[in-house]
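I sat down with this one to practise reading a structure piece by piece. Here are my notes, in the order I looked things up.

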Amino acid sequence: MTIFFDELETRSQDAREAAQLQALNAQLQRNGYDPVTDLGGLAALPVLRKSELAARQAENPPFGGLPVSGFAHVFQSPGPIYEPGGVGHDWWRMGRFLHACGIGAGDVVQNCFGYHLTPAGMIFENGARAVGATVLPAGTGQTELQVQAAQAVGTTAYAGTPDYLKLILDKAGEMGVALKITKAAVGGGALFPSLRQEYADRGITCMQCYATADLGHVAYESPAMEGMILDEHVIVEIVTPGTGTPVRPGDVGELVVTTLNPDYPLIRFATGDLSAVMPGRSPCGRTNTRIRGWMGRADQTTKIKGMFVRPEQVAALVAKHGEISRARVIATRDGEMDVMTVQLESDAPAVEDYAKSVAEVLKLKGQIEVVAKGTLPNDGKVIDDQRVYE
């Protein structure tokens, strides 16, 4: 028998929409909007994009004049964009996902999300506290030490990007160390079916969620593993990319999310991510709407190794070196790991200098390929995601 996180997960859609409408109108009032008579009224309001939020924050730091309250931390994400964070019970709503993963009291969660500047580490730690689990705040890197710590404290669950767990497990194998990890809660990148199966073959149940630094938890997998179920405290619209117009049910479009967190009232925040609504309900018994998960980007912004790479960063890389005429970032896979290749049109094969600039500007290390000028296609594409998601 399924034990749910709370009664909200199984309420009727009418009860859900009535409660969300009441909370939404409170959020609209905080942002200076008039109330709406139904959730469809959101479509008449403007969409807030990351670029607009960054511009607002530059003019009115740190949160762009949004009516933010009750925060204990301030985080910085690429852009830069600043987000508030709270320490209250399940402030980012991540406990719902961890509960669905079977994580709770008695578990030790090795939290391998970053704790520095960006909020992912705190988001998952806050969720682990909400389900009564113990947290090992491991962060990223130092894989051998990660293995030693996991063995010493008896880690039973992993939280982090999908592919980093494989590095820990492989390192444990090299060291001859047996770990007790049987559950994995992942996010920050695509969970490829082959990698999920590899974890299953090792006795680890791996499930993924969709969350962002700005919004917190948005949607999550349940043990049914049929799409992602929307969180109970967000309103999600699927719109035609670049607009605020909702698509037809089932069509692919851009995820636009309104949070019902009174401490940080984001209204119609455009994620830049593509998805679609799934028909029906999850076999697990949860009654909220499901989406098909992450299906790519509405723009060329691409997540590689858990970090966003944006077109404006590629432009900054070109501007940094006058001899570079054009650049293209290519995302591929090598086994179960993301690979970033940066192609640069240049007459000066200064690969070492370019590698340093790539790491500084794109915040990731990658393979550098210097090509002759006029080689790259003149198609306006600066980020080419060649990974296959099915």
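**Entry 1: the second largest pocket**

Before anything else, a note to self: this is a predicted model. I began with the second largest pocket and asked which element gives the largest share of its lining. It turned out to be S10, with 5 residues. Strand S10 covers 234-239, and helix H1 (13-30) also supplies at least two residues of that lining. In total I found 23 lining residues. Nearest the centre of the pocket lie Ile235, Val236, Glu237, Ile238 and Val277. I wrote down a volume of about 490 Å³ for this pocket. Then I sorted the lining by residue type and got 12 nonpolar, 6 polar and 5 charged.

**Entry 2: the nonpolar cores**

Next I went looking for the greasy parts. The largest nonpolar core has 48 residues. Inside it, the residues with the most contacts are Phe97, Leu98, Ile103, Phe124, Val218 and Val236. Helix H4, residues 120-130, gives the largest share of this core, 4 residues. I also noted a second, separate core of 19 residues, with Val318, Ile324, Val358 and Val361 among them. Val236 rang a bell, as I had already listed Val236 among the residues nearest the centre of the second largest pocket.

I picked Leu98 for a closer look. What does Leu98 touch, once residues up to four places away in sequence are not counted? My list reads Ile103, Phe124, Gly127, Ala128, Val131 and Ala185.

**Entry 3: helix H5 and its two ends**

Which residues of H5 are buried? In this helix, residues 143-153, I found Thr143, Gln146, Val147 and Ala150. They cover an arc of only 100° around the axis, so they sit on the same side of H5. I then checked what the buried residues of H5 pack against, and the partners are strand S3 (108-111) and helix H6 (164-175).

Both ends of the helix gave me something to write down. Just after H5, Gly154 takes a positive phi of about 75°. On the other side, Gln142 is in the loop between strand S4 (134-137) and H5. Gln142 is not a glycine, yet its phi is positive, about 50°. Is Gln142 buried or exposed? With 60% relative accessibility, Gln142 counts as exposed, because the cut-off for that is over 50%.

**Entry 4: backbone oddities**

I kept a reminder in the margin: most residues other than glycine have a negative phi, and most peptide bonds are trans. With that in mind I collected the exceptions.

- Asp90 is not a glycine, but has a positive phi of about 50°. I located Asp90 in the loop between S2 and helix H3 (95-100). Its relative accessibility is 12%, so Asp90 counts as buried, the cut-off being under 20%.
- Pro61 and Pro62 are joined by a cis peptide bond, with omega near -5°. Pro62 lies in the loop between helix H2 (50-59) and strand S1 (73-77).
- The bond between Gly79 and Pro80 is cis too, and omega is about -10°. I found Pro80 in the loop between S1 and strand S2 (81-85).

**Entry 5: three residues picked for distances**

Gln313 came up in helix H8, residues 311-320. At 12% relative accessibility, Gln313 counts as buried. Gln313 and Val358 are 45 residues apart in sequence, but their C-alpha atoms are 9.4 Å apart in space. Val358 was already in my notes, as part of the second core. Leaving aside neighbours within four places in sequence, Gln313 is in contact with Phe308, Val361, Leu362 and Lys363.

Glu369 sits in strand S19, residues 367-371. I marked Glu369 as partly exposed, at 34% relative accessible area. Its C-alpha is 9.8 Å from that of Ala327, which is 42 residues away along the chain. With neighbours within four places in sequence left aside, the contacts of Glu369 are Thr341, Val342, Gln343 and Leu344.

Gly32 was my last stop, in the loop between H1 and H2. Gly32 is exposed, with a relative accessible area of 64%. How far is its C-alpha from that of Gln208? I wrote down 35 Å, for two residues 176 apart along the chain.

Conventions: Residues numbered from 1 in each chain as written. Predicted model: local features only at pLDDT ≥ 70, side-chain atom pairs only at ≥ 80, totals over all residues. Heavy atoms only, no water. 1 Å grid on protein atoms, 1.4 Å probe; cavity = no way out; pocket = protein on both sides within 12 Å on 5 of 7 lines; lining within 4 Å. Points joined across faces, edges and corners; volume = space filled by probe spheres on them. Nonpolar A, V, L, I, M, F, W, Y, C, P; charged D, E, K, R; others polar. Core = buried A, V, L, I, M, F, W, Y, C linked by side-chain atoms within 4.5 Å. Buried < 20%, exposed > 50% of the residue type's maximum accessible area, 1.4 Å probe, protein only. Contact = heavy atoms within 4.5 Å. Arc of directions from axis to C-beta.
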